[in-house]
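Q: I have a model open and would like to learn how to read its pockets and helix contacts. Where should I begin?

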Amino acid sequence: MVFLFRSGTLREKLRIIFKATLQHARNLATFATIYKTILVLCRKTSPEGKESSLHTFLAGLVGGYMVFGRGIQSSVNQQIVIYVFARVVLALARLSVQKGGAIPRELRGRMTNNAWSVFAALSWAGVMWLYRWHPETIQPSLRSSMKYMYDSVNL
C-alpha cells in the first residue's frame with residue numbers, strides 16, 4: 001500500500017515499510033511477553049495451580065491495554081487491533097451457531113451458509129456509506145485509498 005498511495009522516493013518508502021514492520025514485530029513481542037508473564041503469575045497464585053479462562057481473559061486485557069490501548073494510536077496498532085477485532089467477531093459468530101449456542105437449531109444451517117456473504121456485504125455497505133456521507137470518521141489511510149479509487153475518476 002505504501003508503494004501505491006504514498007509519495008516519496010523508493011528509499012523513503014522502504015524506510016516507512018521497515019519502521020512499520022519493526023513496530024509491528026516489537027508490539028506483538030511485547031504483548032506476548034506481558035500476556036505469558038501474567039498467565040504464569042496467575043497460575044502460580046491460583047489455589048488450584050492451574051490456568052483458568054478468567055486468567056486468559058485478564059492477561060489479554062492487561063496486555064492489550066498496555067501495548068495497544070494507551071499512548072499514541074499509531075496506524076500499525078490500529079491495524080493490528082482492527083484485524084484482531086474482526087477475527088474475534090467472526091469467531092464469536094461461529095461460536096453462537098455451534099451446537100448448544102445461542103441460535104436456535106432451525107436457523108443454524110441457514111445462518112452458517114450465509115454468514116460470510118452477509119458479513120462481507122454489510123461491511124462494504126457500511127464503509128461506502130461512511131465514505132460518502134461521513135468521510136472524516138474513516139481512518140486516514142483507508143480514506144486516502146478510497147479517495148484515490150473512487151474520486152479520481154468520475155463516470
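**Pockets and helix crossings**

A: Begin with the second largest pocket, where α4 and α5 each supply at least two residues of the lining. Keep in mind that this is a predicted model.

Q: How is empty space found in general, and how much space lies in the second largest pocket?

A: Rolling a probe the size of a water molecule over the atoms shows where empty space is left. In this structure, the second largest pocket holds about 300 Å³ of space.

Q: Which residues lie nearest the centre of the second largest pocket?

A: They are A93, R94, M111, A115 and W116, out of 13 residues that line this pocket.

Q: Which element gives the most to the lining of the second largest pocket, and how do its residues divide by character?

A: α5 gives the most, with 7 residues. The lining of the second largest pocket divides into 9 nonpolar, 3 polar and 1 charged.

Q: How much space lies in the largest pocket, and which residues are closest to its centre?

A: The largest pocket encloses about 1600 Å³. Its lining counts 42 residues, and Q79, I82, Q139, S141 and L142 are the closest to the centre.

Q: Which elements give two or more residues to the lining of the largest pocket?

A: Five helices appear in the list: α1 (2-5), α2 (10-45), α4 (75-97), α5 (105-133) and α6 (140-151). The most comes from α4, which gives 11 residues. By character, the lining of the largest pocket divides into 25 nonpolar, 12 polar and 5 charged.

Q: Turning to helix packing, at what angle do α2 and α3 pack?

A: A helix pair can be read from its angle, its axis distance and its handedness. Here α2 and α3 (residues 53-69) pack at about 145°, and their axes are 8 Å apart. The crossing of α2 past α3 is right-handed.

Q: Which residues make the contact of α2 with α3?

A: From α2 they include N27, L28, F31 and C42, and from α3 they include H55, G60, G64 and F68. The residues of this contact divide into 13 nonpolar, 7 polar and no charged.

Q: How do the axes of α2 and α4 cross?

A: The axes come within 9 Å and cross at roughly 55°. That angle is why α2 counts as oblique to α4. Here too the crossing is described by its hand: α2 passes α4 in a right-handed crossing.

Q: Which residues meet between α2 and α4?

A: On the α2 side they are A20, Q23, H24, N27 and L28, and on the α4 side V76, N77 and I80. The contact of α2 with α4 divides into 4 nonpolar, 4 polar and no charged residues.

Key:
Residues are numbered from 1 along each chain as its sequence is written. This is a predicted model: local features need pLDDT of at least 70, side-chain atom pairs count only at pLDDT 80 or more; totals for chains, interfaces and linings use all residues. Side-chain values use heavy atoms; hydrogens and water are left out. On a 1 Å grid over the protein atoms alone, a cavity is a set of points where a 1.4 Å probe fits but cannot get out, and a pocket is an open set with protein on both sides within 12 Å along at least five of seven lines; lining residues have an atom within 4 Å of a point. Grid points are joined across faces, edges and corners, and a volume is the space filled by probe spheres set on the points. Helices (H or I, at least four residues) and strands (E, at least two) are DSSP runs, numbered from the N terminus. Ala, Val, Leu, Ile, Met, Phe, Trp, Tyr, Cys and Pro count as nonpolar, Asp, Glu, Lys and Arg as charged, and the others, Gly among them, as polar. Axes are lines fitted to C-alpha atoms, for helices over the stretch in contact, and angles run from 0 to 180 degrees between N-to-C directions. A crossing is left-handed if the near helix is turned anticlockwise from the far one by less than a right angle, and right-handed if clockwise. Contact means heavy atoms within 4.5 Å. Angles under 35 degrees count as roughly parallel, over 145 as roughly antiparallel, 65 to 115 as roughly perpendicular and the rest as oblique.
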